[in-house]
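Thank you all for coming; I would like to walk through one structure with you this morning, going from one pair of residues outwards. Please have the sequence and the model open in front of you.

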Amino acid sequence: MTPMTSESAQSPSQGAASTPIRVMLVDDSAVVRGLVTRILEAEPGIQIAASVGNGQMALSSLERNEIDVVILDIEMPIMDGMTALPKLLAADPGLKIIMQSTLTLKGADISMRALEMGAADYIPKPTATKDLAGGAEFKAELVGKIRALGQARHRSPNRPPRPAGAPALRPPPSAPPARVPIHPPGPLSLRNNTPEHPDVIAIGSSTGGPQALFGVLGLMRSGTVSQPILITQHMPATFTTILGEHISRVSGWEAKEGQDGEIIKGGRVYIAPGDFHMVVETKGTDKVIRLNKNPPENFCRPAVDPMLRSIAAAYGKRVLACILTGMGSDGLKGGQAVVASGGTVIAQDEGSSVVWGMPGAVATAGICSAVLPLPEIAPWIMKLATRR
């Protein structure tokens, strides 16, 4: 979820302790802004820098305030979120923007377009009574994403100087860990091995993952490799359906959610459906997708670890696993299983990741054969996948 500036050339925890994460709320509902304000004001290390009712006001506020993370509603009067999004990013390219979206097909499609346009992530728009009362799940997701994106922002070279007249920053108290751990990585360590030609390609991703997937699969267009591609992206139901449609559009791959009992075929992309773990089992000479609702792993369902463990068991050494941007460490234990079976793991580098939690965890565990900028991942995969 990034090269360091002189200000943040320290550990993520140190950076978080010295500089608060400054948030701007953009929503035409005063009730929703009030809910989010109450949640965030109770969190050490997070400050509400601005709270406004539409995109035009957000642009004006950005000129006067130092902002790290924006919570941006989609439907608003005067200037809606989709109109404001590119304008905010043009004014501050390093800004981390989280879209508020309804968990509907329409909301998922709009959110996916927002991610393609440069939004960092999304959260469900609070509508239910439990959310308006500060539901634990909504709070945990909101705070976890703000912490991860805010810390990434503080390490980003695109962070501009504080605007003239902006309120002075005050050091926050020590922040507790988010429910989904950010997982500050250690020193980079690579394997010295000769990767095997793969029979399957597996990809795990979370925060920033849709954009990374569009980039990798857009370069690795349909027909360039013959292997099946299995993807676990941390997303709710409905959103994974739309993710498949967007991947198909940008890449030409036949991309869709995996179905329980479906035989895996080469040249297709299978996506773990929201709220299901997607795993692989061997059935005779075929490899078959199985979906289950086993307990979440790493606070996630779908999770990357069970997918990778099952793929390692089914395919042995002919596995290529790629861990893309995301917070936490999901994919580390599964990646270790892949390497133990003789397979290959690669990861996205810090500079091109929205959050370098998941790829950083595998990159610093000594199990990666390569750690690459996003534009170099597809060529690396294609070279190995087409080598005989």
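Let us begin at Met99, which stands opposite Tyr122 in β5. What we are looking at is a predicted model, with residues numbered from 1 along each chain as its sequence is written, and side-chain values use heavy atoms, with hydrogens and water left out. Because the model is predicted, local features need pLDDT of at least 70 and side-chain atom pairs count only at pLDDT 80 or more, while totals for chains, interfaces and linings use all residues.

Strand β4, residues 96-101, pairs with β5 in the parallel sense over four bridges; two strands are said to pair if DSSP finds at least two bridges between them, and helices (H or I, at least four residues) and strands (E, at least two) are DSSP runs, numbered from the N terminus. As general background, the strands of a sheet pair through backbone hydrogen bonds, either parallel or antiparallel.

These two strands belong to an open sheet of five strands, in the order β2-β1-β3-β4-β5, with parallel pairing. The edges are taken by β2 (46-52) and β5 (121-124), each of which has a single partner strand, so one side of each is left without a neighbour in the sheet. From one strand to the next the twist averages 25°, where axes are lines fitted to C-alpha atoms, for helices over the stretch in contact, and angles run from 0 to 180 degrees between N-to-C directions. Across β4 and β5 lies helix α5, residues 105-117, running at about 170° to β4.

Staying with Tyr122, which residue does its ring pair with? Tyr122 and Phe239 form an aromatic pair that is stacked, at 4.7 Å centre to centre and with 20° between the planes; rings of Phe, Tyr and Trp (its six-membered ring) pair if their centres lie within 6.5 Å, and planes under 30 degrees apart count as stacked, over 60 as edge-to-face and the rest as tilted. The structure holds one aromatic pair. Since Tyr122 lies in strand β5 and Phe239 in helix α9 (residues 239-251), the pair ties together parts that are 117 residues apart in sequence. Both Tyr122 and Phe239 are buried, a word that stands for under 20% relative accessible area, as against exposed over 50% and partly exposed in between (1.4 Å probe, protein chains only).

Tyr122 also has a charged residue to consider, as Lys145 lies over the face of Tyr122, at 4.8 Å from the ring centre. For this, NZ of Lys or CZ of Arg has to be within 6 Å of the ring centre and within 35 degrees of the ring normal. Elsewhere, the charged end of Lys293 sits over the ring of Phe276, 4.9 Å from its centre.

Now to the other sheet I want to show, which is open as well and has seven strands in the order β8-β9-β7-β6-β12-β13-β14, again with parallel pairing. Here β8 (254-257) and β14 (370-372) stand at the edges with a single partner strand each, so one side of each is left without a neighbour in the sheet.

Within this sheet, β6 and β7 run parallel and are joined by five bridges, with Ile201 opposite Ile229 in β7. Is strand β7 enclosed or open? Five of the five residues of β7 (residues 229-233) are buried, so the strand is largely enclosed by the rest of the structure. Its two faces are both covered, with Ile229, Ile231 and Gln233 buried on one side and Leu230 and Thr232 buried on the other.

Strand β12 (residues 319-323) pairs with strand β13 (residues 344-348) in the parallel sense over four bridges, and the bridge partner of Ile323 in β13 is Ala347. Helix α11 (residues 332-340) packs on the sheet, touching β12 and β13, and its direction makes about 145° with that of β13.

One loop residue deserves a look, namely Ser206, found between β6 (200-205) and α8 (209-219). Ser206 is buried, with a relative accessible area of 9%. Leaving aside neighbours within four places in sequence, Ser206 is in contact, meaning heavy atoms within 4.5 Å, with Gln233, His234, Thr325, Gly326, Met327 and Met358.

To finish with the whole chain, its secondary structure comes to 13 helices and 14 strands, and 58% of its 388 residues count as buried.
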